[in-house]
Amino acid sequence: HTRDMLAVKREQLFKDLANTMPEIVLVHDEKVLFANREAGKLLGLEPEDLVGTDVTDLIRPAYRRRAAAIIQQQLEGKTGGVRYELQLIDGEERTRWAEATGMRMRYRGRTVIITVVRDISHRKSVEATLSRDRDQAQITLESLSEGLITADTGGHIDYMNAAALGMTGASLD
């Protein structure tokens, strides 16, 4: 009886801790066994409604095979602490970029994975914007009819646009 009471207290402590985290916390094998409040909030479902769901159903189809392989390797003890990026699908079929880290553990007498997932949608959006801006700048520099040459602080050329290459007779090499 004492051992059972300690197990109940430990599980409640774990749930309380998981529910205070600003990231998604899932305990799962192939199916979700526990989801914290943040998981429900971010995925647009009640945490209790996530229990019993196939983990891969929460993931965009293009990322499911990779995630399933990582989960299987973790369950078999072949890998641990793997961090990877994927896209989640929320309750309204919207995509969210996420970074997941999973670790094998024992839960209710069975081997499972505890996965912590951080929403990185904002970071991915900023990266995409910067990439577009960089591409636009590259196109603009290449379209100039004036020669443009840039050099590092040591005086070594690190960029020449097409007009500069044509004026100097130099090649990119």
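pLDDT is the predictor's confidence in each residue, on a scale from 0 to 100. I start there because what I am showing is a predicted model, and where pLDDT is low, the predicted coordinates should not be read in detail. For the protein chain the mean pLDDT is 87, with 98% of the residues at 70 or more. Going element by element, strand E2 has the highest mean, 96, and helix H5 has the lowest, 77. Please keep the value for H5 in mind when I come to its packing.

Now the sheet. There are five strands in an open sheet, and the order across it is E2-E1-E5-E4-E3, with antiparallel pairing. At the edges sit E2, residues 32–35, and E3, residues 82–89, each of which pairs on one side only. On average, neighbouring strands are turned by 30 degrees against each other, ignoring direction.

Next, the pairings of E5. Strand E4, residues 95–107, and strand E5, residues 110–119, run antiparallel and are joined by 10 bridges. Two of the residue pairs can serve as landmarks: Thr101 has Val116 as its bridge partner in E5, and Glu99 has Arg118. E4 and E5 make a hairpin with two residues between them, and in that turn Arg108 has a positive phi of about 50 degrees. E5 is also joined to E1, again antiparallel, by five bridges. There, the partner of Leu26 in E5 is Thr115.

Two helices lie across this sheet. H1, residues 2–20, lies across E1, E2, E4 and E5, and its angle to E2 is about 65 degrees. H5, residues 121–143, lies across E3, E4 and E5, and runs at about 140 degrees to E4. As I said, H5 is the element with the lowest mean pLDDT.

That leaves the empty space. Rolling a probe the size of a water molecule over the atoms shows where such space is left. How many cavities of 30 Å³ or more does a search of the whole structure find? The search finds one, with about 130 Å³ of space in it. Its lining has 14 residues, and those nearest the centre are Leu26, Val55, Leu88, Thr115 and Val117. Leu26 and Thr115 are the bridge partners I mentioned between E1 and E5. E1, E3 and E5 each supply at least two lining residues. By class, the cavity lining has 12 nonpolar residues, two polar ones and no charged ones.

The largest pocket holds about 170 Å³. Which residues line it? They are Ala7, Arg10, Glu11, Phe14, Met105, Arg106, Tyr107, Arg108 and Gly109. H1 gives the most, four residues, and both H1 and E4 supply at least two. Arg108, the hairpin residue with positive phi, is in this lining as well. The classes here are four nonpolar, one polar and four charged, against no charged residues in the lining of the cavity.

To recap: an open five-stranded sheet with antiparallel pairing, H1 across four of its strands, namely E1, E2, E4 and E5, and H5 across E3, E4 and E5. The cavity has E1, E3 and E5 in its lining, and the pocket has H1 and E4 in its lining.

Technical notes: Residues are numbered from 1 along each chain as its sequence is written. This is a predicted model: local features need pLDDT of at least 70, side-chain atom pairs count only at pLDDT 80 or more; totals for chains, interfaces and linings use all residues. Side-chain values use heavy atoms; hydrogens and water are left out. Two strands pair if DSSP finds at least two bridges between them. Axes are lines fitted to C-alpha atoms, for helices over the stretch in contact, and angles run from 0 to 180 degrees between N-to-C directions. Contact means heavy atoms within 4.5 Å. On a 1 Å grid over the protein atoms alone, a cavity is a set of points where a 1.4 Å probe fits but cannot get out, and a pocket is an open set with protein on both sides within 12 Å along at least five of seven lines; lining residues have an atom within 4 Å of a point. Grid points are joined across faces, edges and corners, and a volume is the space filled by probe spheres set on the points. Ala, Val, Leu, Ile, Met, Phe, Trp, Tyr, Cys and Pro count as nonpolar, Asp, Glu, Lys and Arg as charged, and the others, Gly among them, as polar.
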